[in-house]
Amino acid sequence: MKFSYKILLCCMITVAVAFGIGGYVFVNDVFQASLKRETGQAMDESSILQFAFETAALNIPSKYDMLQNSVIEEIGANLEKSGQVTGRLLRISDENRQVLYASQGFGEDTRLLEQIQEGIRAYQIIHPDERYYIQTGSQIKALDRILYLETLRDVSGVYGERARGFAVYRNLTLLLLVLSSIFLFFISSWLTRPIRLLTQAARQMTEGDYSCRAEQISSDEMGQLTCDFNHMASVLEENIRKLENEVRAREDFIAAFSHELKTPLTAVIGYADLLRTRKLDEEKHFLSANYIYTEGKRLEAMSLRLLDIIVTKRCSIDAQDTQVEVLFSYLKEMYGENQEHPLKISFEPGQIRGEVNLLKSVLLNLVDNAFKASEEGSPVEVTGAVKEHGYEFSVRDYGVGISQSECKKITEAFYMVDKSRSRSHNGAGLGLALCVEILKLHGSQLEIESALGQGSCFHFQIPGSWLQS
Ligand code: ADP
């Protein structure tokens, strides 16, 4: 069942119960008051009749000491006549509770007669046919006789009024239910509109439209729920977008990796087959074996870089406080004797927090690339300086440079600006990708400034570094 229908049903039940109970209490209260009034009047009437009877008995001259039954009947008939206008009925019984006089239609019911005692005026409500009566009973002492006087007062009108009251209330309740159901239908539809909008948005999202949002139409709890739902949808959309990008990047990575693997492997298989199937002269034999060796080396370098990338992607670093001098001395040691490219190193003393071996790998890659991009004799400068937010390392060369559009791509795995040139240097387009991953682990990023034909400057800051005191 729809939520709006449930609200409607609950409200209708509440209205019906409230109106029903209210109506019953009100009508019944009016009825009880009327019945009480009628009972009071019946009792008053009974006492007036008792008094009238006793007076009449005293005033009737009698030749006997005893009040004769015939006299009693006569008084009874006179009393009945005097009350004919009000439709009053009466019955008079003797000491043995034997009926002496009864109005026509009084009935045979003697239950009250049995209960009448001296000094007590009793009453009961009887319903002998379709009419209702208040029956009263009292004892009369007339001369030497003890008699019982009973009266019947018709109160069917009071019961009829009660039945009419219930009928009016029942019809009123039905009318109210019909009217309130129309009114409540619109109210419940209006109240549940935010839920319908949320459901609609959720369905659209399930169908793949992650940009869909629910319209916020109120500022109450439902409005808050819509706001939270929309926020959740935004976060979800962002995460899905990230995941999609990651999957795409992974697919590109695998495609590039298989391509990079295929080229050297084809050459290795081709030359190995040549060596295996033909007898070559010494020079060709050496060239073939050399080709297999260099391509094998390239594959080895590629697999090592890949392994490095995978390891850095999974681990956190083992950071330690280190003097920057350690890194620069290492570079001097590695490239100080390089005859082709003079390496100029200048740095401010300082201390950094990071994993030394990983940072050495970054600097080696950058200097290596700078050498590869430079003409023979062209210098490569490595500098270190303390900045406001960390220690900055820069590697500058005056080589071929990189265009602006290429700058954005060279940090992607397997991307090479000049493939044949890179491959001739055992490159596979993984060095800078590795640098980016390592710097990410240090909370840093690689910045590239370059102009075609003028050279490049690669720099990065290790945060949380400080000047050595
Ligand atoms: P590789 O192992 O091929 O050097 P890298 O990821 O280190 O891979 O570099 C990607 C590409 O970026 C290289 O193929 C090269 O073309 C370009 N590159 C990197 N450093 C420089 C530089 N200093 N000057 C010009 N081009 C560079």
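These exercises work through a predicted model, each with a solution in steps.

**Exercise 1. The largest nonpolar core**

Task: Find how many residues the largest nonpolar core has, and which of them have the most contacts inside it.

Solution:
- Start with the count. The largest nonpolar core has 43 residues.
- Next, pick out those with the most contacts inside this core. They are Ile352, Leu366, Val367, Phe393, Val395 and Phe460.
- Now trace the suppliers. At least two residues each come from α7 (282-314), α8 (324-335), α9 (356-373), β9 (380-387), β10 (390-397), α12 (431-441) and β12 (455-463).
- Then rank them. The most comes from α9, which gives 10 residues.
- Finally, look elsewhere. Another core, of 16 residues, lies apart from the largest one; among its members are Phe53, Leu90, Tyr101 and Ile140.

**Exercise 2. The neighbours of Val395**

Task: Leave out residues up to four places away in sequence, and list what valine 395 touches.

Solution:
- Take the 360s and 370 to begin. Valine 395 touches residues including Leu363, Leu366, Val367 and Ala370.
- Move along the chain. Val380, Glu381 and Val382 are also touched by valine 395.
- Finish the list with Ser456, Cys457 and Phe458.

**Exercise 3. Two helices that pack**

Task: Describe how helix α1 (residues 3-59) and helix α2 (residues 69-82) pack.

Solution:
- Read the geometry. The angle between α1 and α2 is about 135°, and their axes are 10 Å apart.
- Classify the angle. Over 145 degrees would count as roughly antiparallel, and 65 to 115 as roughly perpendicular. The pair α1 and α2 is therefore oblique.
- Give the hand. α1 and α2 cross in a right-handed way.
- Name the residues that meet. From α1 come Leu49, Ala52, Phe53, Ala56 and Ala57; from α2 come Ile72, Ile75 and Leu79.
- Sort them by class. The contact of α1 with α2 has eight nonpolar residues, no polar and no charged ones.

**Exercise 4. Helix α12**

Task: Explain why α12 is largely enclosed by the rest of the structure.

Solution:
- Recall the cut-off: buried means under 20% relative accessible area.
- List the buried residues of α12: Gly431, Leu432, Ala433, Leu434, Cys435, Glu437, Ile438 and Leu439.
- Draw the conclusion. Eight of the 11 residues of α12 are buried, so this helix is largely enclosed.
- Step past the end. Just after α12, glycine 443 has a positive phi of about 70°.

**Exercise 5. Threonine 110**

Task: Place threonine 110 in the structure and state how exposed this residue is.

Solution:
- Locate it. Threonine 110 sits in the loop between β2 (99-102) and α3 (111-115).
- Judge the exposure. Threonine 110 has 33% relative accessibility, so this residue counts as partly exposed.
- Compare positions. Threonine 110 and serine 444 are 334 residues apart along the chain, and their C-alpha atoms are separated by 111 Å.

Conventions: Residues numbered from 1 in each chain as written. Predicted model: local features only at pLDDT ≥ 70, side-chain atom pairs only at ≥ 80, totals over all residues. Heavy atoms only, no water. Core = buried A, V, L, I, M, F, W, Y, C linked by side-chain atoms within 4.5 Å. Buried < 20%, exposed > 50% of the residue type's maximum accessible area, 1.4 Å probe, protein only. Helix = DSSP H or I, 4+ residues; strand = E, 2+ residues; numbered from the N terminus. Contact = heavy atoms within 4.5 Å. Axes fitted to C-alpha atoms, helices over the stretch in contact; angles between N-to-C directions. Parallel < 35°, antiparallel > 145°, perpendicular 65-115°, else oblique. Left-handed = near helix turned anticlockwise from the far one by under 90°. Nonpolar A, V, L, I, M, F, W, Y, C, P; charged D, E, K, R; others polar.
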